[in-house]
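Trainee: I'm new to this structure and would like a close look at just one part. Please walk me through the packing of one helix pair and what lies around it.

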Amino acid sequence: MPFDRRESTGYVVNHLARLMARGLTRRIAPLGLSTGEFPVLLELWERDGQTQAELIQRLDVEQATMANTLRRMERDGLIVRRPHETDRRAQTVNLTEYAKSLEAQAKGAAHAQNDEALRDFTDEERRALVGLIQRAIANCQE
């Protein structure tokens, strides 16, 4: 059976991810944010004060990628690093007041991008799509 990229799960999911990232970039750029920073911000808005190691695990990214992203975020005034309370070898990553002030607008931009991509989907179809993708992610992480 010949390979058809239009029928390849990996190809179409990657294509969708690129289009979604492009749309999100357009929406959050006026806030001074990038799509590379966005997942870190989402994690920290949910639970501020995580260590770099925790962020790496939760976001499933490489250490070097996270280190570079955090360095840029610190430079841009989005985070500060503080000594960990109980582990002298670790630091926590903490949001600045500036980053906290961007949460509603940034999440609104993400909602708008999702709504644009899924504008003709029913609520049931949206839930089903996300559920299926989450299952595929879990399969790949095993």
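**A helix pair and its surroundings**

Mentor: Reading from the N terminus, the elements run α-α-β-α-α-β-β-α-α-α. That gives seven helices and three strands, taken as DSSP runs numbered from the N terminus (helices are H or I with at least four residues, strands E with at least two). Bear in mind that this is a predicted model, where local features need pLDDT of at least 70 and side-chain atom pairs count only at pLDDT 80 or more, while totals for chains, interfaces and linings use all residues. Residues are numbered from 1 along each chain as its sequence is written, and side-chain values use heavy atoms, leaving out hydrogens and water.

Let's go to helix H3 (residues 52-59) and helix H4 (residues 63-75), whose axes come within 10 Å and cross at roughly 120°. The two are therefore oblique to each other (neither under 35 degrees, nor over 145, nor 65 to 115). Their crossing is right-handed. So who touches whom? On the H3 side you'll find Gln52, Leu55, Ile56 and Leu59, and they meet Gln63, Met66, Ala67 and Leu70 of H4 (contact means heavy atoms within 4.5 Å). Sorted by class, six of the residues in this contact are nonpolar, two are polar and none is charged.

Now for the sheet. Its three strands are ordered S1-S3-S2, in an open sheet with antiparallel pairing (strands pair if DSSP finds at least two bridges between them). Strand S1 (50-51) and strand S2 (79-83) are the edges, each pairing on one side only. S1 is joined by two bridges to strand S3 (residues 91-95), and these two run antiparallel; glutamine 50 stands opposite valine 93 in S3. Helix H2 (residues 38-46) lies across S1, S2 and S3, at about 95° to S3.

Just one more stop: threonine 96, in the loop between S3 and helix H5 (97-101). Threonine 96 is buried, with a relative accessible area of 14% (buried is under 20%, exposed over 50%, partly exposed in between, with a 1.4 Å probe and protein chains only). Leaving aside residues up to four places away in sequence, threonine 96 touches Gly77, Leu78, Ile79 and Val80. Its C-alpha atom is separated by 5.2 Å from that of isoleucine 79, though the two are 17 residues apart along the chain.

Zooming out, 27% of the protein's 142 residues count as buried, and the C-alpha trace spans about 55 × 35 × 25 Å along its principal axes.

Conventions
Axes fitted to C-alpha atoms, helices over the stretch in contact; angles between N-to-C directions. Left-handed = near helix turned anticlockwise from the far one by under 90°. Nonpolar A, V, L, I, M, F, W, Y, C, P; charged D, E, K, R; others polar.
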